[in-house]
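Work through the following exercises with the sequence and the coordinates at hand. Each task is followed by a solution that proceeds step by step.

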Amino acid sequence: MSLESPHDLHLPVMLAESLEALNATKGGLFIDATLGMGGHSEGILQASPGNRVIGLDRDAEAIELAQQRLARFGERFSAIHTDYRQIKQSLLEKGIASVNGIIADLGISSFQLDTPERGFSFRFTDDSPLDMRMNRADPTTAADIVTHWSERDLADLIFEYGEERASRRIAHRIVQARTKEPFRTTKQLADLVIAAVHQKGHWKIHPATKTFQALRIAVNQELDGLDQFVVDAVDLLAVDGRMVVITFHSLEDRLIKQALKFQSGHCVCPPQLPDCRCGTARRVELLTSKPAQPCESELLANPRARSAKLRACRKL
Ligand SMILES: C[S@@+](CC[C@H](N)C(=O)[O-])C[C@H]1O[C@@H](n2cnc3c(N)ncnc32)[C@H](O)[C@@H]1O
């Protein structure tokens with residue numbers, strides 16, 4: 001596997017805003033918790049000759065590509081094949097207990113989405129396997145879920161993680177279809193969803209978008225442990241250290257918003273409780289009261305950035 005053209009180096013989302021919030025010109029040790037193709041890491045390394053970056057990713061292929069892209073920075077860059085939910089442990093194993101900045105650009109990379117064999121996209125009309133695992137060593141694929149889950153669980157999944165109103169109809173069709181032929185490819189599922197939601201002709205977003213999102217979240221357990229990740233990341237930040245989190249859908253953004261709010265000392269108890277029981281303490285200052293979003297020129301250059309929301313904080 002190799003990087004062949006500048007086109008392969010997809011544009012990092014909200015790079016300028018991320019570097020500013022990270023205070024990346026100051027020099028220090030930064031963690032890129034979602035290395036991907038190394039776009040944000042490259043930006044951080046370029047921002048100051050005094051910067052070092054450790055990149056984490058659970059996708060071994062992403063690590064390989066990023067290492068090629070960032071080889072010119074020598075020892076200033078290194079990578080760890082791990083889940084960011086292991087951030088504290090992975091860094092402690094390297095003797096690191098404190099860092100100056102952490103960035104997490106959540107979700108999947110363009111590389112994953114654009115590689116048919118990874119099975120993340122409904123765009124491919126060939127035999128792309130219905131896979132969707134970020135870490136190919138994980139045991140469960142999207143095909144396993146559509147093959148083995150009950151109709152009710154599938155409907156709940158597609159509704160909750162995809163926010164898809166036609167979830168029951170789609171789940172019903174899946175269960176009917178799988179008695180005739182096993183689900184193997186992304187195309188089988190995409191065609192089934194198009195038929196289930198009765199959308200013909202030109203659509204604004206592909207009818208299978210929400211169903212694919214729901215399956216991807218479930219396969220990779222993307223929402224589990226995000227709040228603990230924020231706690232661990234804040235633990236690791238040195239005083240005045242910064243954290244930036246970029247999300248791409250409302251479920252993720254809600255979790256990050258709550259977790260950062262809690263870290264900034266806001267009570268997150270349900271309003272009906274007579275007194276605070278969440279035990280919040282002010283550990284960070286929020287740098288974004290509302291999430292920052294990409295500007296028009298970025299959206300023109302990179303339409304995939306359209307749903308990005310950036311939240312940032314500073315350790316007190
Ligand atoms: C949106 S991409 C990052 C793109 C990167 N910022 C760039 O500019 O090239 C997200 C990356 O995070 C990785 N990822 C997602 N969840 C992860 C997790 N729990 N632990 C580690 N890596 C994860 C994915 O494999 C993917 O490569």
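**Exercise 1.** Determine which helix and which strand each supply at least two residues of the shell around the ligand in this predicted model, and then describe the shell by residue class.

*Solution.* Step one is to assign the shell to secondary structure, which shows that α2 (39-47) and β2 (52-57) each supply at least two of its residues. Step two is to list the shell itself: 20 residues surround the ligand, and the closest are P12, T34, G36, G39 and S109. Step three is to sort the shell by class, which gives seven nonpolar, seven polar and six charged residues.

**Exercise 2.** State how the chain is divided into domains, and describe how many residues of each domain are in contact with the other.

*Solution.* The domain assignment yields domain 1, made of 6-107 + 223-315, and domain 2, which spans 116-220. The C-alpha centres of domain 1 and domain 2 are 29 Å apart. Turning to the contact, five residues of domain 1 meet five residues of domain 2. On the side of domain 1 that touches domain 2, the residues comprise two nonpolar, one polar and two charged.

**Exercise 3.** Classify the packing of α7 against α8 by angle and by the handedness of the crossing, and name the residues that make the contact.

*Solution.* First take the geometry: helix α7 (residues 151-162) and helix α8 (residues 167-180) pack at an angle of about 140°, and their axes lie 8 Å apart. Angles over 145 degrees would count as roughly antiparallel, and α7 and α8 are therefore oblique to each other. The crossing in which α7 passes α8 is right-handed. On the α7 side the contact is made by E151, L154, A155, I158, F159 and G162, while α8 contributes S167, R168, I170, A171, H172, I174 and V175. Sorted by class, this contact of α7 with α8 holds eight nonpolar, three polar and two charged residues.

**Exercise 4.** Decide whether α7 and α10 are roughly parallel or roughly perpendicular to each other, and give the composition of their contact.

*Solution.* The axes of α7 and helix α10 (residues 209-220) come within 8 Å and cross at roughly 100°. Since the range from 65 to 115 degrees counts as roughly perpendicular, that is the class of α7 and α10. The participants are L157, I158, Y161 and G162 of α7, together with K210, T211, Q213, A214, I217 and A218 of α10. By class, the contact of α7 with α10 has six nonpolar, three polar and one charged residues.

**Exercise 5.** Carry out the analysis for α11 and α12, giving the crossing angle, the handedness and the residues in contact.

*Solution.* The axes of helix α11 (residues 226-236) and helix α12 (residues 250-263) come within 9 Å and cross at roughly 40°, which makes α11 oblique to α12. The crossing of α11 past α12 is right-handed. Its contact is formed by L226, D227, V230 and V234 of α11 and by E252, L255, I256, A259, L260 and Q263 of α12. Seven nonpolar, one polar and two charged residues make up the contact of α11 with α12.

Conventions. Residues numbered from 1 in each chain as written. Predicted model: local features only at pLDDT ≥ 70, side-chain atom pairs only at ≥ 80, totals over all residues. Near = placed C-beta within 6 Å. Helix = DSSP H or I, 4+ residues; strand = E, 2+ residues; numbered from the N terminus. Nonpolar A, V, L, I, M, F, W, Y, C, P; charged D, E, K, R; others polar. Domains from an automatic or database assignment. Contact = placed C-beta atoms within 7 Å. Axes fitted to C-alpha atoms, helices over the stretch in contact; angles between N-to-C directions. Parallel < 35°, antiparallel > 145°, perpendicular 65-115°, else oblique. Left-handed = near helix turned anticlockwise from the far one by under 90°.
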